[in-house]
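This report walks through a protein chain and the ligand it holds, moving from the overall fold to single residues. Please keep the sequence and the structure in view while reading.

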Amino acid sequence: MTASNRHMHDALNHELQREQQYDIEALTETVRTNVPQLNQQQRIAYDTLIEAVNSGSGGIYFLDAPGGTGKTFLISLLLARIRSRNDVALALASSGIAATLLEGGRTAHSALKLPLNMQITETPICNIAKNSAMAKILQVIFVRLFQLFPDQLLLMN
Ligand SMILES: Nc1ncnc2c1ncn2[C@@H]1O[C@H](COP(=O)(O)OP(=O)(O)OP(=O)(O)O)[C@@H](O)[C@H]1O
């Protein structure tokens, strides 16, 4: 392996490990105890999103509900469920504060190398090199959960 290939390999392993370092048993227990606690509306959203993940259909979903009604609780449970299967779920948020609400949360600007001048660029492009570790992660990733604003969730796979 050449030096640059080895560097890439190490970086990819590091990124993947970072997304798969969760305690599967603890997550499984969280899912087991918290899913039955979901209220009816949370349960509909949970089942819909897990079905989209399991079937591979993916999609974009917006979770819209008043403050304090359990959106973060639901998103945390979705992350736990996906990660408890040793799949990768990126929890991305638009602000650092929002990112701290989710286990393993990161800002989208940091994780996806979003350009800082998105508002003034007509066709903004993420600064992710084709052969970078993050590009590989995005190719293998199972699901990305993107908490855009407190009330919106974007799910892609
Ligand atoms: N189904 C549930 N069972 C038990 N507790 C719940 C449930 N749903 C939400 N909670 C609890 O209710 C509180 C508010 O939920 P949460 O923080 O998820 O709301 P939110 O909609 O994300 O709020 P905000 O919009 O203000 O960020 C939290 O303490 C959370 O643990």
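The protein chain has seven helices and four strands, and it should be kept in mind throughout that the model is a predicted one. Read from the N terminus on, the elements follow the order α-α-α-α-β-α-β-α-α-β-β. The chain contains 157 residues, and buried residues make up 38% of them. About 9,400 Å² of the protein chain is exposed, with carbon and sulfur atoms supplying 55% of that area. Among the contacts with a separation of 6 or more, 62% are between residues that lie 24 or more positions apart.

## The nonpolar cores

Which residues have the most contacts inside the largest nonpolar core? They are Tyr 46 and Leu 74, and the core as a whole has 21 residues. At least two residues of this core come from each of H2, helix H3 (40-55), H4 and strand S1 (89-93). The element that gives the most to the core is H4, with seven residues. There is also a second, separate core, which has eight residues, including Leu 90, Leu 92, Leu 112 and Met 134.

Tyr 46 deserves a closer look. This residue is found in helix H3, and it counts as buried because its relative accessible area is 4%, while the cut-off for buried is under 20%. When residues up to four places away in sequence are not counted, Tyr 46 touches Val 31, Val 35, Leu 38, Leu 74, Leu 77, Leu 78 and Arg 81. By contrast, Tyr 46 and Ala 108, which are 62 residues apart in sequence, are 23 Å apart in space, C-alpha to C-alpha.

## The surroundings of the ligand

The ligand is surrounded by Gln 37, Leu 38, Asn 39, Gln 42, Pro 66, Gly 67, Gly 68, Thr 69, Gly 70, Lys 71, Thr 72 and Phe 73. Sorted by kind, the residues of this shell are three nonpolar, eight polar and one charged. Helix H4 (residues 71-84) provides the largest share of the shell, namely three residues. Leu 38 is thus listed in the shell around the ligand and is also among the residues that Tyr 46 touches.

The following table gives three atom pairs between the protein and the ligand.

| Residue | Atom of the residue | Atom of the ligand | Distance |
|---|---|---|---|
| Gln 37 | backbone N or O | nitrogen | 2.9 Å |
| Gly 70 | backbone N or O | oxygen | 3.0 Å |
| Thr 72 | polar side-chain atom | oxygen | 2.6 Å |

Taken alone, the ligand exposes 630 Å², and 57% of that area is buried by the protein.

Gln 42, another residue of the shell, has its place in helix H3. Is Gln 42 buried or exposed? Its relative accessibility is 10%, and since buried means under 20%, Gln 42 counts as buried. A polar atom of the side chain of Gln 42 lies 3.1 Å from the backbone oxygen of Gly 70, and a backbone N or O atom of Gly 70 is in turn 3.0 Å from an oxygen atom of the ligand. Leaving out residues up to four places away in sequence, Gln 42 touches Gln 37, Thr 69, Gly 70, Phe 73 and Leu 74. Of these residues, Leu 74 was met above as one of the two with the most contacts inside the largest nonpolar core.

## Two further residues

Ile 24 sits in helix H2 (residues 24-34). With a relative accessibility of 32%, Ile 24 counts as partly exposed, because this value falls between the limits of 20% and 50%. Apart from its neighbours within four places in sequence, Ile 24 is in contact with Arg 83, Ser 84 and Asn 86. Although Ile 24 and Arg 83 are 59 residues apart in sequence, their C-alpha atoms are 7.2 Å apart in space.

Ala 133, in turn, lies in helix H7 (residues 133-140). Its relative accessible area of 11% is the reason why Ala 133 is counted as buried. The C-alpha atoms of Ala 133 and Asn 117 are separated by 24 Å, although these residues are 16 residues apart along the chain.

Technical notes:
Residues numbered from 1 in each chain as written. Predicted model: local features only at pLDDT ≥ 70, side-chain atom pairs only at ≥ 80, totals over all residues. Heavy atoms only, no water. Near = heavy atom within 4 Å. Polar contact = N/O pair within 3.5 Å; in protein donor to acceptor, adjacent residues only side chain to side chain. Areas by Shrake-Rupley, 256 points an atom, 1.4 Å probe, with all protein chains shown as cover. Nonpolar A, V, L, I, M, F, W, Y, C, P; charged D, E, K, R; others polar. Buried < 20%, exposed > 50% of the residue type's maximum accessible area, 1.4 Å probe, protein only. Contact = heavy atoms within 4.5 Å. Core = buried A, V, L, I, M, F, W, Y, C linked by side-chain atoms within 4.5 Å.
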